[in-house]
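User: I am new to this model and would like to know what stands behind the words used for it. Please take me through the reasoning.

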Protein chains: 2
Amino acid sequence: MVTNDRGIRRLLLERRPGVLHVLDPFKVTLADALEKVRVIADLDFPVLILGSTDYERFEAQMTPYIDALKDAVGIPVVLHFPPRPGHGLPFTRNADAIFCPALLNSARPYMVWQSFLDTLNAFHARGIAPAETPELIFSAALTFGADRRSYEAMQTHPMPEDGEGLWLFLEIVRRMGLDQSYLYSRHQQVPPEICALFREHTPSDHLVFVSGGMRSREQVERYIDAGADYVVFGSALEHPGWRESLKRIVC
Amino acid sequence: MVTNDRGIRRLLLERRPGVLHVLDPFKVTLADALEKVRVIADLDFPVLILGSTDYERFEAQMTPYIDALKDAVGIPVVLHFPPRPGHGLPFTRNADAIFCPALLNSARPYMVWQSFLDTLNAFHARGIAPAETPELIFSAALTFGADRRSYEAMQTHPMPEDGEGLWLFLEIVRRMGLDQSYLYSRHQQVPPEICALFREHTPSDHLVFVSGGMRSREQVERYIDAGADYVVFGSALEHPGWRESLKRIVC
């Protein structure tokens, strides 16, 4: 299911498997982001993800940031941020797509799915017709390992890591017909066997992302061999020696 | 969770437990409906449900029908119909609330929840602001017993009837924070123990409805004793001797 198809999910399906970079625009200066996005576009990454758990003054900050990135290179930009009650998901008109997180293991129904209704109402309130929004890609967002920040921001509990515990989530993903699963570990790493379980028990056009602690080409290969469609790295490039780090992941 | 609170869910919470009538406006003539709604208003039912699996020319048919009912008596009108892909849930502006069915045991994600997005987009397309829509009440709609018509219209499978099989659905209801569960059997009757399970494993402000095959006060009492908030009867009144049938249920 895609709301307002702008070709981003289709692009991700066509170009899988691969690696993607998630860049935190509230941490990375625009000058730094421009350098990174040029290198990433040269490497032919299909999209750039902009994401963070934290944000403020979203639209004022993000609109010129995204404009500048898009002026520099043609890469599509995907937003990946948590919702805020009463506002829904943050967005800008110039983003190409939004990964809409269904935080299935959150204690708050708002984080599980109700934010999507708020988001559509926010589009309405802002006069943005359904055909003019960024593409909405619905994503089971599941966090593995202890993660106080995700709990504080989104009341998400760490996922179970055994097949029996995961069955509930695979059932919900399948019944809701979510477009993708985004498996994330903030402080540890997602076990590759969990990627394999998601690959095996979701439809072939369901995308499986894995993120957290990615540092080497070997890790990436292990996840892709296990069935991940995209391995996403972020903080690996959040230091001055990022060009070297990038080489270790993509070469 | 209620979208655009118009007091209908609060009224249902305040007035529980009780009985409700669901009237099929595509089967019952307006003249007949007017007679019934007057009797029902005299009995102080909190709302009238208008519902059916089938419908056509919804708004053209329903708008004057609802206007006429509301002119005759002050009872709030709640819509309860399945969605249609590309259109979402059918609605009229003059309805007070919509029971939005989350058909959790449907093979089609559209019927599980995606129709809600279509419905909000339809409001937008029609220029109806979020604050002007009927109240949206999100309802786990679960059918018990073989039911070919529900399968054909909504690809819903019959629900399991054991605690283990029901656990998945109770988990989904709780995680999604649905406002109510609507337990229905077209050709048989919902086992009262299932009402008890839903009452026990959902929050106290979650409403439990049960419907299908209601013919007597004893049945109603059995369901209410088991924990149902509302017992809903429909076809019991679809014949010329409906006044007698109504007496058997409410007296």
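User: Which residues on the other side of α8(A) are called exposed, and what makes them so?

Analyst: The model is a predicted one. On that side of α8(A), the exposed residues are E218(A) and D225(A). The word requires a relative accessible area over 50%, so each of the two is above that value.

User: What makes residues of helix α8 in chain A count as buried, and which are they?

Analyst: They are Q219(A), V220(A), Y223(A) and A226(A), in a helix that covers residues 217-226. Buried means under 20% relative accessible area, so these four fall below that cut-off.

User: How do you know that the buried residues line one face of α8(A)?

Analyst: Viewed down the axis of α8(A), the buried residues lie within an arc of 130°, so they line one face. In general, an α-helix has 3.6 residues a turn, so residues three or four places apart point the same way.

User: What do the buried residues of α8(A) pack against?

Analyst: Their partners in chain A are β2 (18-23), α7 (192-200), β8 (207-211), β9 (230-233) and α9 (242-250).

User: What follows α8(A)?

Analyst: G227(A) follows, and its phi is positive, near 120°.

User: How do you know that the radius of gyration of chain A agrees with a compact globule?

Analyst: For 251 residues the globule value is near 18 Å; chain A has 17 Å, therefore the two agree. The C-alpha trace spans about 45 × 45 × 35 Å along its principal axes. Buried residues make up 61% of chain A.

Terms used:
Residues numbered from 1 in each chain as written. Chains lettered and ligands numbered in written order. Predicted model: local features only at pLDDT ≥ 70, side-chain atom pairs only at ≥ 80, totals over all residues. Heavy atoms only, no water. Buried < 20%, exposed > 50% of the residue type's maximum accessible area, 1.4 Å probe, protein only. Arc of directions from axis to C-beta. Contact = heavy atoms within 4.5 Å. Rg over C-alpha atoms; globule rule 2.2 N^0.38 Å.
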